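User: Please take a close look at one part of this protein, the loop that carries R88, and set it against the rest of the fold. I would like the cut-offs behind each term as well.

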Amino acid sequence: METVTLDSTILRPVDKVWEYFTEPEHITKWNFATDDWACPKAEADVREGGRFNYRMEAKDGSFGFDYTGTFNEVIPHQKLAYTLDDNRKVQVLFNAIDNSTTEIVETFEAEPSQPVEMQREGWKNILHNFEKYAEKNL
């Protein structure tokens, strides 16, 4: 499987970035690739062996799916590693640059039946939504 790595620099401290990235009440605010999609429901048991389920839906109701998996490694404020239910691996690193800046490095295994560039663009858009959300909230 081909892997894709994306990164983003967030102008917020690592503890806030972690909170916004892992807590369901925040995930529903940023976890979608385009403005015509939404994440109306998120559940996350952020611990090794814990499960997550993020509901992704087109706002017009025409399509939706559950993004589900299991956390394999959880190091608060540093690393999340998880396996999606289709067995693809994802890793997210949280690097504190200084007291007010955090770099996120996200690596995922691309879904083999979809064009890699399309997936890269979608994941990049979600990460950009996260960056906007994190920087506008205190």
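Analyst: What follows begins with the whole chain and then turns to the loop and its surroundings.

This is a predicted model, in which local features need pLDDT of at least 70 and side-chain atom pairs count only at pLDDT 80 or more, whereas totals for chains, interfaces and linings use all residues. Residues are numbered from 1 along each chain as its sequence is written, and side-chain values use heavy atoms, with hydrogens and water left out.

The protein has 3 helices and 7 strands, where helices (H or I, at least four residues) and strands (E, at least two) are DSSP runs numbered from the N terminus. Their order from the N terminus is β-α-α-β-β-β-β-β-β-α. The radius of gyration is 14 Å, close to the 14 Å that the globule rule gives for 138 residues, so the protein is as compact as a globular protein of that length; the radius is taken over C-alpha atoms, and the rule is 2.2 Å times the number of residues to the power 0.38. Buried residues make up 41% of the 138 residues, with buried meaning under 20% relative accessible area, exposed over 50%, and partly exposed in between (1.4 Å probe, protein chains only). Of the contacts (heavy atoms within 4.5 Å) with a separation of 6 or more, 46% join residues 24 or more positions apart.

The loop in question runs between strand 5 (79–84) and strand 6 (89–98), and R88 lies in it. R88 is buried, with a relative accessible area of 8%, and its side chain makes a polar contact with the side chain of D86 at 2.8 Å. A polar contact here is a pair of N or O atoms within 3.5 Å; within protein, one must be able to donate a hydrogen and the other to accept it, and residues adjacent in sequence count only if both atoms are side-chain atoms. Leaving aside neighbours within four places in sequence, R88 is in contact with M1, Y82, T83, F108, E109, A110, E111 and Q119.

N87 is found in that loop as well, but N87 is exposed, with a relative accessible area of 55%. The backbone of N87 has a positive phi of about 75°, although N87 is not a glycine. Most residues other than glycine have a negative phi. A positive phi, near 70°, is also found at H77, which lies in the loop between strand 4 and strand 5 and is partly exposed, with a relative accessible area of 34%.

The strands around these loops can be followed through two residues. T68 lies in strand 4 (residues 64–75) and is buried at 17% relative accessible area. The side chain of T68 makes a polar contact with the side chain of D85 at 2.5 Å, and, not counting residues up to four places away in sequence, T68 touches R51, F52, N53, L84 and D85. In strand 6, V92 is buried with a relative accessible area of 0%. Beyond four places in sequence, V92 touches F21, Q78, K79, L80, I104, V105 and E106.

One of those partners, F21, is among the buried residues of helix 1. In that helix (residues 14–22), 7 of the 9 residues are buried, so helix 1 is largely enclosed by the rest of the structure.
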